[in-house]
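Subject: Handover of a protein structure

Dear colleague,

I am pleased to pass on to you the structure shown below. Please keep it open while reading, as the notes that follow are meant to be checked against it.

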Amino acid sequence: MMRSKALVRCAVVLLSLWLCIQSVPISVDKTKEMPQEEELGPPQSAETGLHYDRYLREVIEYLEKDPHFREKLKNANMEDIKNGKLSKELDFVHHNFRTKLDEIKREEMNRLRMLIKAKHDIQDGNTGWTVDHQALLKQFEHLNHMNPETFEVEDLDRLITSATKDLENFDRDHHEEFKRYEMMKEHERRERLKNMNEEDRKKEEQHYDEMKKKHADHPKVNHPGSEDQLKEVWQEADGLDPEDFDPKTFFKMHDSNGDGFFDEAELEALFTKELEKVYNPENEEDDMVEMEEERLRMREHVMNEVDTNKDRLVSLSEFMAATKKEEFFDKDEWETLGQHPYFTEEELREYEQQLANEENKINIRSAELQRQKEELERKQEELNAQRMGLQQAVEEMEKLKAQNLKAEVNQPRAPVAGGEPAPVVPLPTGHQQQDVPVPGHS
């Protein structure tokens, strides 16, 4: 029974179906064997960091509800999952679940379409940004976008392939991001020094060296996964006598969800005591971003030594086998991040050149935008002047019209028969104006 559950969890983690992120509550009662007849519920899924994380988790949620697919998943091995054999079982999934999967896929297609539209809107606007079409196509790698309506075998195949590849690259990308973080810190520090006078620069350099020495002054950090490191957890976190240390009992106590495996989160929780020796959020010299990078390094180290089948899980058998290896009894201190440079001077120069190039592009774009702004302001001034000129012309015409009407009203007229004034006949230019009666009037 436990073996079938183990296979389920292996397959699930390979697909990034379920990742536990629960903290590890320590309880001596957990040393008791769990009844094998008890059916385990699925652990809470965690954010994978993938841009299609929600889609991935929803697909798995409905696939696991189907009895046929769940049974096939139990009996599948890693090769069945990787080579697409498991995906073909989708054809036998119940119609109701297939309909729901169709709906989930359509929602994901709509999400991606909105994303692409937003990026195109940016490109079409006056922002000067460009769209990387190759990057846009990558957004669809986890599904078959040629068929946007239904969820098919190819969709599950693509989802498995993408999730496996992306999760394998996740740690590498995290390391690269951390390196850029450290290079930016050093770049900004050097820039600050450039803007200081000689006296302030010396004080800053002295303070920097003091903080480095203070950070390096810490108790011995045990090798992650070694006997000494696990015994320290056994004693300080579990409150047990290190002389009574038992690897099998330790494993069951810290397998927080009781699935027979250490996942990555459960492993990382074991390193907290070691990390607390080096990092304290209250200390100026300790950087919590560096602490998380250290935790990742420790987890990778243990996985490389213990996870023999590379399924990103440590089974009880793998753990017990590791406790019999020579490395388990390693007494050497773990070399922390501070004992090795995060980057070379050449890498820093390349990074600073990238920053300079990006700044130059921004400056060029800024100057272009300023030029466009000034041009628009000039055209606006011209339009305002034209509008004012037109308004004045209209006002002048209205004034002349009013004057003409007033002159006509006030113009005297000769009297005519019946008491009406005779119309006035204007004389040619150059003659003195006189009231000349029209013939036929007296």
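**The largest pocket**

Helix 8 contributes the most to the lining of the largest pocket, with seven residues. Please bear in mind throughout that this is a predicted model. The volume of the largest pocket is about 870 Å³. Its lining comprises 26 residues, and those closest to the centre are Lys185, Tyr208, Lys212, Glu290 and Tyr342. Two helices, helix 7 (153-194) and helix 8 (198-216), each provide at least two residues of the lining. Sorted by class, the lining holds 13 charged residues, seven polar ones and six nonpolar ones.

**The chain as a whole**

The protein contains 15 helices and four strands. It has 442 residues, of which 34% count as buried. Among the contacts with a separation of 6 or more, 68% are between residues 24 or more positions apart.

One example of parts that come together from separate places in the sequence involves Glu58, which is in helix 2 (residues 53-63). Glu58 and Leu101 are 43 residues apart along the chain, and their C-alpha atoms are separated by 8.4 Å. If neighbours within four places in sequence are set aside, Glu58 is in contact with Ile104 and Glu107.

**Salt bridges**

Side chains of opposite charge can pair when their charged atoms come close. How many salt bridges does the count give? The count comes to 30 salt bridges.

The first pair to look at is Glu152 and Arg98, whose side chains meet in a salt bridge at 3.1 Å, N to O. This pair links distant parts of the chain, 54 residues apart: Glu152 is in the loop between helix 6 (133-138) and helix 7, while Arg98 is in helix 5 (residues 95-124). Are the two partners buried or exposed, or do they fall in between? Glu152 has a relative accessible area of 31% and is partly exposed, whereas Arg98 counts as buried at 15% relative accessibility. Arg98 is called buried because its value falls under the 20% limit.

A second pair is found within helix 7. The side chains of Glu186 and Arg190 meet in a salt bridge at 2.7 Å, N to O. These two residues are four residues apart in the helix, so about one helical turn separates Glu186 from Arg190. Glu186 is buried, with a relative accessible area of 12%, and Arg190 counts as partly exposed at 27% relative accessibility.

A third pair is Lys277 and Glu274, with side chains that meet in a salt bridge at 3.0 Å, N to O. Lys277 and Glu274 are three residues apart in helix 12 (residues 272-278), so they too are separated by about one helical turn. Glu274 counts as buried, at 1% relative accessibility.

Salt bridges can also join into a network: Asp171, Glu264, Glu268, Arg299 and Arg312 are linked in this way.

**The nonpolar cores**

In soluble globular proteins, nonpolar side chains tend to be buried together. Which residues have the most contacts inside the largest nonpolar core? They are Phe250, Phe262, Leu267, Val314 and Phe319, in a core of 27 residues. Helix 9 (227-236), helix 10 (247-254), helix 12, helix 13 (288-306) and helix 14 (316-322) each supply at least two residues of this core. Helix 13 gives the most, with five residues. Another core, of 24 residues, lies apart from this one and includes Tyr62, Phe97, Phe151 and Leu159.

Phe250 is a useful residue to display. With neighbours within four places in sequence left aside, Phe250 is in contact with Leu230, Val233, Trp234, Asp238, Phe245, Leu270 and Phe319.

**A buried residue in a loop**

Finally, please locate Thr336, in the loop between helix 14 and helix 15 (345-410). Is Thr336 buried or exposed? Its relative accessibility is 6%, so Thr336 counts as buried. Leaving out neighbours within four places in sequence, the residues in contact with Thr336 are His218, Val221, Val278, Glu294 and Arg297.

With kind regards

Definitions and conventions
Residues are numbered from 1 along each chain as its sequence is written. This is a predicted model: local features need pLDDT of at least 70, side-chain atom pairs count only at pLDDT 80 or more; totals for chains, interfaces and linings use all residues. Side-chain values use heavy atoms; hydrogens and water are left out. On a 1 Å grid over the protein atoms alone, a cavity is a set of points where a 1.4 Å probe fits but cannot get out, and a pocket is an open set with protein on both sides within 12 Å along at least five of seven lines; lining residues have an atom within 4 Å of a point. Grid points are joined across faces, edges and corners, and a volume is the space filled by probe spheres set on the points. Ala, Val, Leu, Ile, Met, Phe, Trp, Tyr, Cys and Pro count as nonpolar, Asp, Glu, Lys and Arg as charged, and the others, Gly among them, as polar. A salt bridge is a side-chain nitrogen of Lys or Arg within 4 Å of a carboxyl oxygen of Asp or Glu. Buried means under 20% relative accessible area, exposed over 50%, partly exposed in between (1.4 Å probe, protein chains only). A nonpolar core is a set of buried Ala, Val, Leu, Ile, Met, Phe, Trp, Tyr and Cys residues joined through side-chain atoms within 4.5 Å. Contact means heavy atoms within 4.5 Å.
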